[in-house]
Amino acid sequence: MKDVVQGNWVHLTEMRDGDAEWLQDTQWEPGLLRNLSADAFHPWTAAEYSELAAEPDSNEHFFFMVRANADDGLLGWVMLDDVYFKNRRATLGIALPVASDRGQGYGEDTLNTILSFAFNELGLHKVTLEVNANNEAAIHAYETVGFVREGVNREAVFQDGQWLDLYAYGVLASEWATVSRETN
């Protein structure tokens with residue numbers, strides 16, 4: 001049986017001692033806050049990051065730390081939020097804060113790993129997300145693992161004195177299964 005929280009390059013874990021402080025410190029990495037689709041006007045404290053991960057009994061929120069298989073080093077976080085079991089769908093959020101960790105395949109492997117958990121363990125039918133239109137690297141990763149652009153929220157993000165579109169993406173379990181078979 002496949003371990004649904006173990007990918008080729010990463011594995012998903014609980015938040016451990018020091019992780020919340022690491023998240024607090026790395027939120028200032030270049031480009032991170034600007035690429036989040038949610039409003040991020042205030043910096044998060046370690047306590048706020050701990051609260052985000054502190055719902056172990058929640059069936060509506062699954063928060064994982066992302067660690068490298070090679071050395072168990074911390075790479076970021078990924079979560080499924082707004083999990084609706086009747087309609088079998090959830091919203092995905094992901095962040096790999098350190099710029100040097102991006103573009104190494106960790107993001108795509110994290111996406112495939114959390115989607116394996118969502119579809120194979122939770123039995124979800126669909127996972128959705130939002131992404132700023134100018135976040136080309138994230139868009140590429142999302143499309144590579146099977147996400148399809150489903151809509152455009154026009155001029156929904158204000159950045160550098162201009163309005164940007166916010167893209168809505170979704171992937172169905174059957175679409176992801178097809179793409180994941182082709183790439184593995």
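Here are some exercises on this predicted model, each with a worked solution.

**Exercise 1. Work out the strand order of the open sheet, and find which strands stand at its edges.**

Start with the order. The open sheet has seven strands, arranged β1-β2-β3-β4-β5-β7-β6, and the pairing is mixed. Now look for strands that have a single partner. Those are β1 (10–13) and β6 (148–159), so each of them has one side without a neighbour in the sheet. To finish, check the twist: on average, neighbouring strands of this sheet are turned by 25° against each other, direction ignored.

**Exercise 2. Walk from β3 to β4 to β5 and say how each pair runs and how the chain makes the connections.**

Step one is β3 to β4. Six bridges join these two, and they run antiparallel. One pair you can pick out is Y84, which stands opposite R89 in β4. The hairpin of β3 and β4 has four residues between the strands, and R88 takes a positive phi there, near 50°.

Step two is β4 to β5. Here the sense is parallel, over three bridges. A90 has V127 in β5 as its bridge partner. The chain gets from β4 to β5 by way of α4, and this β-α-β crossover is right-handed.

Step three: is β4 itself enclosed or open? Count its buried residues. Five of the seven are buried, so β4 is largely enclosed by the rest of the structure.

**Exercise 3. Carry on from β5 to β7, and place helix α5 against the strands.**

First, the pairing. β5 (residues 126–132) and β7 (residues 162–172) run antiparallel and are joined by seven bridges. To get your bearings, find K126, which stands opposite L172 in β7.

Then add the helix. α5 (residues 136–144) lies across β4 (89–95), β5, β6 and β7. Its direction is about 160° to that of β5.

**Exercise 4. Find the largest nonpolar core and say which elements supply it.**

Begin with the general idea: in soluble globular proteins, nonpolar side chains tend to be buried together.

In this model, the largest nonpolar core has 36 residues. Those with the most contacts inside it are L80, L92, I114, L115, V127 and F147. Next, sort by element. At least two core residues come from each of β1, β2 (61–68), β3 (74–84), β4, α4 (106–121), β5, α5 and β7. The largest share comes from α4, with six residues.

Now zoom in on L80. Leaving out residues up to four places away in sequence, L80 touches a set that includes F62, A90, L92, I114, F117 and V127. There is also a second, separate core of twelve residues, and L32, L52, L74 and M79 are among them.

**Exercise 5. Which side chains make polar contacts with the side chain of Y169?**

Locate the residue first: Y169 is in strand β7. Then check the burial. Its relative accessible area is 0%, and the cut-off for buried is under 20%, so Y169 is buried.

Go on to the polar partners. The Y169 side chain makes a polar contact with the side chain of E143 at 2.6 Å, and another with the side chain of R149 at 3.3 Å. Beyond its neighbours up to four places away in sequence, Y169 also touches residues including V127, L129, I139 and F147.

One last distance: Y169 and I94 are 75 residues apart along the chain, and their C-alpha atoms are separated by 14 Å.

**Exercise 6. Take the two aspartates D19 and D109: is each buried or exposed, and what does each touch?**

Take D19 first. It is in helix α1 (residues 19–26). With 5% relative accessibility, D19 counts as buried. A polar atom of its side chain lies 2.8 Å from the backbone nitrogen of R16, and its side chain makes a polar contact with that of R67 at 2.3 Å. Setting aside neighbours within four places in sequence, D19 is in contact with E14, M65, R67 and L74.

Now D109, which is found in helix α4. Its relative accessibility is 6%, so D109 counts as buried. With neighbours within four places in sequence set aside again, D109 is in contact with G7, N8, W9 and V10.

Note on methods: Residues are numbered from 1 along each chain as its sequence is written. This is a predicted model: local features need pLDDT of at least 70, side-chain atom pairs count only at pLDDT 80 or more; totals for chains, interfaces and linings use all residues. Side-chain values use heavy atoms; hydrogens and water are left out. Two strands pair if DSSP finds at least two bridges between them. Axes are lines fitted to C-alpha atoms, for helices over the stretch in contact, and angles run from 0 to 180 degrees between N-to-C directions. Contact means heavy atoms within 4.5 Å. A nonpolar core is a set of buried Ala, Val, Leu, Ile, Met, Phe, Trp, Tyr and Cys residues joined through side-chain atoms within 4.5 Å. Buried means under 20% relative accessible area, exposed over 50%, partly exposed in between (1.4 Å probe, protein chains only). A polar contact is a pair of N or O atoms within 3.5 Å; within protein, one must be able to donate a hydrogen and the other to accept it, and residues adjacent in sequence count only if both atoms are side-chain atoms. A crossover is right-handed if, with the strands pointing away from the viewer, the path from the first strand over the helix to the second runs clockwise.
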